[in-house]
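Visitor: Could you take me in for a close look at one helix pairing, and then follow the thread outward from there? I'd like the packing details rather than a general tour.

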Amino acid sequence: MSKTEPHVRFSLIFALASTMMLGPFSVDTYLPAFPEIADSLGVSSQQVSLSVSVYIFSLAFGQLIGGALSDRYGRKVVLMSGLAIFSIASLWLAFTDALTVFLVGRAVQAIGAGWVLVSVPALVRDRVSGQDAAKLFSMIGLIMVIAPGIAPSIGSALLAIGPWNVIFIFLALYAVLVVPVLLGTVFRDPVAVPGTAARMSILKRYASVLSNTRALPFIFWQIGSFSVMMLFITHASFIYQEHFGQSEQAFALLFGANIVAMFCVNLTNRALLSRLPSLRVLQMASALQGLGALLLVAAAALNWPVYGFLAAMMLTIGVMGAISPNIQACFMEHFPTSGGTAAALLGAAQFGAAGTISALSALLPHTLLAVVLAMAACAAVSFGFMLRSLLREAVPSVGTTGVS
């Protein structure tokens, strides 16, 4: 497939999105099973929740290793190996009976998932660039945004037909089923990846990526915006169920409203990319996220009713449907020969930093205002890098950093 080919097969988009769905499925599908897992392992639900943090940090580590390996040994080897590791670890988790073993299993599962997830942006960069890459990332995101919304429901449905172990058997089978999908689409017509140095070490590969000062700001831009969403996910139950006193059923609808918002923004993003550069759309979306964060602070300080708060939250979280795919496109544009390493660095930084910020947010006062102020601080970081990009455009001698 040509680098400049404007049209990409839907089967390819579906295959890449299905592969990326492994991430949210492995995080969100087992959430309804926490009480049952806790009873089975003889621990508290809070101890089981440690598995989420273990998974996030191990995912970041897995991406760092897998990205560089994919640049050296090829996308197919690393991606298929990651699926195998993920599937075996999922079966291990399905038959464990101790918390320590469960946590180790989640770490191994996350490393496999990291190898899988880091391969997808690299596969996109191998095939298309510029606006075409931004559109492809957006299309993948459009399908991907469905996964967090349906994953808990899948988990609940599986719990209705069997014990919690069935969820991890499902994850193992899902990883196996992705293999023929990839072989029949993504790897049906292999794409040659321009190499740098075949024997270059992992450290040298990362040093090469880190030396690209025009690309690095996009990493911090993504950390700021993604952390806004992670903080919301971490405290969503407290916000809607404890502070606003909503029922479990109402919470599901309120939480799902953000998924709908992201879906709509993603559709809008794809339309805008036919008229505007990816960087310009990214700047607009980041500005809207900053506005949404200010509205959240006002809502918390002035005690807005739940639906007024919801509107502000939908704006703040919904624009991630445009921010994430455009940051990926702008960042990856700088690395035509080291897409795996670049994708790994972006993904690991995103999950590692956002996971740390999310964990540290447990130290905040247990109030709505404290939570939204933390979200606003992260949005301010994203907004700051948006302003930086505008300033770079305004100075001809410096140039731009985005996809045009």
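**Starting from a helix pair**

Guide: In this predicted model, helix H1 (residues 10-20) and helix H10 (residues 165-184) have axes that come within 10 Å and cross at roughly 160°. An angle over 145 degrees counts as roughly antiparallel, so H1 is roughly antiparallel to H10. As for handedness, the crossing of H1 and H10 is left-handed. On the H1 side the contact is made by Ala-15, Ser-18 and Thr-19, while H10 brings Tyr-174, Val-178, Val-181 and Leu-182.

Let's stop at Tyr-174, which sits in helix H10. Its relative accessible area is 16%, so Tyr-174 counts as buried. Setting aside residues up to four places away in sequence, Tyr-174 touches Ser-18, Met-21, Leu-22 and Phe-25. There's a polar side to this as well: the Tyr-174 side chain reaches the backbone oxygen of Ser-18 at 2.8 Å. Ser-18 is one of the H1 residues making the helix contact, and Tyr-174 therefore meets it both in the packing and through that 2.8 Å approach. For a sense of scale, the C-alpha atoms of Tyr-174 and Ser-278 are 33 Å apart in space, with their positions 104 residues apart in sequence.

Now look at Leu-173, also in helix H10. Leu-173 has a relative accessible area of 51%, so it counts as exposed, whereas Tyr-174 is buried at 16%. From Leu-173 to Ala-38 the C-alpha separation is 24 Å, and the two are 135 residues apart along the chain.

H10 has another partner to look at. Helix H9 (residues 146-161) packs on H10 with the axes 8 Å apart, at an angle of about 120°. That angle makes H9 oblique to H10, whereas H1 is roughly antiparallel to H10. H9 passes H10 in a right-handed crossing, while the H1 crossing is left-handed. The residues that meet here are Ile-154, Gly-155, Leu-158 and Leu-159 from H9, and Val-166, Ile-167 and Phe-170 from H10.

Following the thread outward, let's move on to the nonpolar interior. The largest nonpolar core has 129 residues, and Ile-239, Tyr-240 and Phe-309 are the ones with the most contacts inside it. Helix H12 (residues 216-243) supplies the largest share of this core, 15 residues. Phe-309 is worth a zoom: beyond its neighbours within four places in sequence, Phe-309 is in contact with Ile-239, Tyr-240, Phe-244, Leu-296, Ala-299, Trp-304, Leu-368 and Val-372. That list takes in Ile-239 and Tyr-240, the other two residues named for their contacts inside the core.

H12 has a polar spot too. Gln-222 lies in this helix, and at a relative accessible area of just 3% it counts as buried. A 2.5 Å polar contact joins the side chains of Gln-222 and Gln-350. Leaving out residues up to four places away in sequence, Gln-222 also touches Ser-227, Ile-323, Ser-324, Ile-327 and Leu-346, alongside Gln-350.

H12 packs against H14 as well, at about 40° and with 12 Å between the axes. This is a left-handed crossing. Phe-218, Trp-221, Ser-225 and Val-228 of H12 meet Leu-279, Leu-282, Gln-283, Ser-286 and Gln-289 of H14.

Past the end of H14 comes a backbone detail. Asn-303 sits in the loop between helix H14 (278-301) and helix H15 (306-318), and its phi is near 55°, a positive value in a residue other than glycine. Most residues other than glycine have a negative phi. Asn-303 counts as exposed, because its relative accessibility is 62%.

One last stop is Asp-71, in helix H5 (residues 50-73). Relative accessibility is 13% here, so Asp-71 counts as buried. Its side chain makes a polar contact of 2.7 Å with the side chain of Arg-75. Further along the sequence, beyond neighbours within four places, Asp-71 is in contact with Arg-205 and with Ser-338, Gly-339, Gly-340 and Thr-341.

Key
Residues are numbered from 1 along each chain as its sequence is written. This is a predicted model: local features need pLDDT of at least 70, side-chain atom pairs count only at pLDDT 80 or more; totals for chains, interfaces and linings use all residues. Side-chain values use heavy atoms; hydrogens and water are left out. Helices (H or I, at least four residues) and strands (E, at least two) are DSSP runs, numbered from the N terminus. Buried means under 20% relative accessible area, exposed over 50%, partly exposed in between (1.4 Å probe, protein chains only). A polar contact is a pair of N or O atoms within 3.5 Å; within protein, one must be able to donate a hydrogen and the other to accept it, and residues adjacent in sequence count only if both atoms are side-chain atoms. Contact means heavy atoms within 4.5 Å. A nonpolar core is a set of buried Ala, Val, Leu, Ile, Met, Phe, Trp, Tyr and Cys residues joined through side-chain atoms within 4.5 Å. Axes are lines fitted to C-alpha atoms, for helices over the stretch in contact, and angles run from 0 to 180 degrees between N-to-C directions. Angles under 35 degrees count as roughly parallel, over 145 as roughly antiparallel, 65 to 115 as roughly perpendicular and the rest as oblique. A crossing is left-handed if the near helix is turned anticlockwise from the far one by less than a right angle, and right-handed if clockwise.
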